[in-house]
Structures are given as structure tokens and as C-alpha cells.
Amino acid sequence: WIDVSSPSEAGLKQLAKMHDLPRSVVRACLEPDHLPKVERFPTATFVILRAYDEKADEQGDTVQELTRKIAIFRSEKFVLSIHRKDQPFLAEARRRVNEKGMEGCETEASMSHTLLLDLLQASVNTFEVPIEKSMAQLEQQEARIFAASSQTDSYSIQEGYFLRRRGAVFRRMLRLTGDVLGRLAQQIDVPQSHLQGVRETTERLYFQADDLLDNASTLLSLHISLSSQRVTEASHRTNEIVRLLTVSSVFFLPLNFIASIYGMNFEHIPGLHSEYGFPAALFGMVALSVAIFGWINRRGWLRSSGH
């Protein structure tokens, strides 16, 4: 097993020449945008894997931010892995190979097959912890949504968005890795139990990532609906207050009109010098208020709009 980290361009050319590999493919090994795939060449099988980056930003939500690419060339005599930065799962795989070797492998071909499957299994396992962590965050966010105050609404919806994006990345990488495994299953000669173990792990994590994506999408939609409902309720309460104020103003506008007329400084105003002028004005104002109340009540303006 030849494991190379951050090689120079000259080093890539030397590796291609030494192992009779396509130079263009070897030079492209450090390009960060490639997704999991498998290709056959005359001298080797070329596999690209992507593993979760343990140092990924918590707010990362793209393939390049969350995962690291590992390019692997596998032939009957060697396995060559190329990557930009060393990863803990690669260090653990090297330690395990150095200590125990390739137990149970009788030929070089079976060794290279087993090593390739081990690397694939190790890369898939890196998604287990972040998926479980994301599921725990999803449960916490669900509890927060139903008790959310206006101060936490914007943060919750942003967190839900990132969880959904991360779930989409996890599911996509595991689905493509499963496709790689399906193609390799037809080409490599290893015990079916070993192959089945890798396949079961990949499928299990894929379904977990799929659940994470579905639940995050559902929770995000629910949060938006609840936020819209709170806005609607606040608007409804505001409308009720404005309605009551408007109805109250209907009572006082005619009374203010009458009071303003009798407040004019003219000498000849009807009833101004009458003994019964003031009681008559009060009675007229009360009668007018009762009439307005009856008219408003018949039209249903005093009843709440929610009933």
C-alpha cells in the first residue's frame, strides 16, 4: 500500500511513470470537485472516494466543505492512495495494516482487493458520527421550535436550513459510494461476508441520511408554518384593536360634532338661552348614541371577527 499526501506535480508525474498509470488521471487526483466513482484502466482500477472531514466547519453545507477526496489506484500488485490532507481514518488504516498485515489474504490480488474494501469501509464509517450528531441537533431544534420566542426564530430557521443541506450532502455521497461498491462487487475477489458488511453499512447510513434530510425538510416547513401562523395571529390581534378603536370613534364623532357646534361663539344659537336647552342637548346626544349603538350592533361590528 502506497499512501501519498499532498504530492507535488513532479511527484504525481513520477508516480504515474513508476506504476504505468494515465498521467492526466494522476494529475487530476488533487482536484477537489470530483465525486465518488470508479473507472477501469488497462493497468489499474481507479476509484474516487469521499470521506467526512472531522475538521469541517459546523456551518459547512457543501460537498467540498464537509468531505475530503481520496483517489485510489488498485492493481493486482499494489494499492496507491492520493489525497491532499491526511485523515484520521487513513492513519488508523495504516496502523492496522502495519500491525496486523492483511490477514486471511493468500495472494497479492486478494490483498489489494481486501485493502480497497477496507478503505471503502473506513471512508463510509466517517459519516456515522456526523449523521448521529445531526439527528440529535434535529431533535433539539424540534423542541425549540414549539417553544420558540421571537428572538430565536431567525436562528432556528437558519439551523434547520444547514441541517437539511448537510443531510442532502450525506445522502448524495453515500448513494454514490453505494454505486461504486456495486460496480466493484463485480470486479473484486473477496469473501462475500466482507463485501456484504461494507454494503450493509453503506445502506444503513444512507437510510439514516435520507431520514435526516426528510425530517429536516419537514421540520423546516413546520417552522415556517408556525412562524407564519404567529405573524397572522399578531396581525389579527392588531386588526381587532383597530376595529374596536374605529367603532368607538363612530360613537364620539357625532357627539363631538354637536359639542363643537354649541361651542361656537355666536349669539343666536337655537336653545342657547332656553331653560331646557342643556338637558335637551344631553338627551339628544344620548339618543343619538343609542341609535348608533343599535345600528352598529345590527351590522355585527361589535362581535369578534373570530366568531
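1. A quick definition before the main point: a charge patch here joins like charges within 9 Å, using residues with over 30% relative accessible area and no salt bridge. Keep in mind that this is a predicted model.

2. With that in hand, have a look at K13, K17, R23 and R27, which gather in a patch of positive charge on the surface. Helices α1 (9-18) and α2 (23-27) are the elements that give two or more residues to this positive patch.

3. R27 sits in helix α2. Its relative accessibility is 40%, so R27 counts as partly exposed, since that label covers values between the 20% limit for buried and the 50% limit for exposed.

4. On the overall layout, I see 9 helices and 5 strands in the protein. The order along the sequence reads β-α-α-β-β-α-β-β-α-α-α-α-α-α.

5. Some totals for the protein: it has 307 residues, and 38% of them count as buried. Carbon and sulfur atoms hold 55% of an accessible surface of about 18,000 Å². Among contacts with a separation of 6 or more, 69% link residues 24 or more positions apart.

6. K37 is another residue to click on. K37 lies in strand β2 (residues 37-40) and is partly exposed, with a relative accessible area of 31%. Leaving aside residues up to four places away in sequence, K37 touches F46, V47, I48 and V180.

7. One more pair to check in the viewer: K37 and R183 are 146 residues apart in sequence, yet their C-alpha atoms are 9.2 Å apart in space.

How values were computed
Residues numbered from 1 in each chain as written. Predicted model: local features only at pLDDT ≥ 70, side-chain atom pairs only at ≥ 80, totals over all residues. Heavy atoms only, no water. Patch = residues over 30% accessible without salt bridge, like charges linked within 9 Å, V, L, I, M, F, W, Y side chains within 5 Å. Areas by Shrake-Rupley, 256 points an atom, 1.4 Å probe, with all protein chains shown as cover. Salt bridge = Lys/Arg side-chain N within 4 Å of Asp/Glu carboxyl O. Lys, Arg positive; Asp, Glu negative; His and termini not counted. Charge placed at Lys NZ, Arg CZ, Asp CG, Glu CD. Helix = DSSP H or I, 4+ residues; strand = E, 2+ residues; numbered from the N terminus. Buried < 20%, exposed > 50% of the residue type's maximum accessible area, 1.4 Å probe, protein only. Contact = heavy atoms within 4.5 Å.
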